[in-house]
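The following exercises concern a protein and its ligand. Please work through each task with the sequence and the structure at hand before reading the solution.

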Amino acid sequence: MGDMGKIRNIVILTGAGISAESGIDTFRSPGGIWERFDPDEVATAEAFARDPDKLLGFYDMRRGTLDDKHPNPAHHALGRLDAEWPGELLIVTQNVDDLHERGGARRVLHMHGEHLNALCTACDGRMPWRATLADRPACPDCGERALRPDVVLFGEVPYHMDAIFAALRQADLFVSIGTSGAVYPAAGFVQTARDLGAQTLELNLEPSEGSTWFEESRLGPASELVPAWAGEMLSGG
Ligand code: APR
């Protein structure tokens, strides 16, 4: 990385790779979720309209896998960095698990939503939700049996985009961790950050589709790369 002295505001983008060592499947690694399920059947707005039971069942299955998963050293390292970094810091995660929060991070935006929330399509209410949804439980707010996972499906608009671009405009450093760079708009954040003058760093198991946009790319498991990088940041270089 370039001049560490000039880094005050950091934006960190994370993807499924940061949770891989916690035992949560990624999407596009060998054996990943999209090798076993067709996203057109279970993860698009059209799929939800066409066969809601199938989509609700898919997300019930994925939500259920979270119970015995725990933050790994990468999540804890970002939690510590969030707590101790003197400047601005924002974690923009594509992940719908809660491991960043359980790893101690506070400044987290879930641009693809959260497994552990439900959204009511009747009253727009949002509520914490750990149970199933395919059995069509009643919305606690309005009583309608119209709850869905509060996750952003393909074809829907990601959450918090205004806040994300506001943070990118102020960023001195943009770090991408554990994402394949396959899905926009997240995959385009590095170009925006570079165009706005930020330094850029990628921490990933293998080169992502956007690796060439990064000034520096470190390859390896997040549980090793992230604590090392966070330590560098907190020790000033
Ligand atoms: N440490 C670091 N990186 C890892 C590790 C690890 N232990 N294991 C895997 N990776 C990397 C892979 O090399 C890959 O580049 O994490 C990346 C995971 O890529 P994807 O499976 O495509 O996940 P992600 O980039 O988060 O997907 C983006 O696509 O399907 C949608 O909404 C879904 O949010 C998701 C989005």
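**Exercise 1: Polar contacts of the ligand**

Identify the polar partners of the ligand's nitrogen and oxygen atoms in this predicted model.

Solution. Begin with the backbone, where a polar atom of Ala222 lies 2.9 Å from a nitrogen atom of the ligand. Taken alone, the ligand exposes 730 Å², and the protein buries 93% of that area. Turn next to the side chains: a polar atom of the Ser180 side chain is 2.7 Å from an oxygen atom of the ligand, and a polar side-chain atom of His112 is found 2.9 Å from a ligand oxygen atom. Each of these distances falls within the 3.5 Å cut-off for a polar contact.

**Exercise 2: The shell and its site**

Describe the residues around the ligand and state which pocket holds the ligand.

Solution. First count the shell, which has 23 residues, the closest being Ala16, Phe27, Arg28, Thr179 and Ser180. Then sort the shell by residue class, which gives 9 nonpolar, 11 polar and 3 charged residues. Finally, place the ligand, which sits in the largest pocket.

**Exercise 3: Two domains**

Determine how the ligand shell relates to the domain assignment of the protein.

Solution. Start from the assignment, which gives domain 1 (1-24 + 72-112 + 158-237) and domain 2 (27-64 + 116-151). The C-alpha centres of the two domains are 27 Å apart, while 8 residues of domain 1 are in contact with 9 residues of domain 2. Returning to the ligand, one finds that its shell draws at least three residues from each of domain 1 and domain 2.

How values were computed:
Residues numbered from 1 in each chain as written. Predicted model: local features only at pLDDT ≥ 70, side-chain atom pairs only at ≥ 80, totals over all residues. Heavy atoms only, no water. Near = heavy atom within 4 Å. Polar contact = N/O pair within 3.5 Å; in protein donor to acceptor, adjacent residues only side chain to side chain. Areas by Shrake-Rupley, 256 points an atom, 1.4 Å probe, with all protein chains shown as cover. 1 Å grid on protein atoms, 1.4 Å probe; cavity = no way out; pocket = protein on both sides within 12 Å on 5 of 7 lines; lining within 4 Å. Sits in = over half its atoms within 2 Å of the grid points. Nonpolar A, V, L, I, M, F, W, Y, C, P; charged D, E, K, R; others polar. Domains from an automatic or database assignment. Contact = heavy atoms within 4.5 Å.
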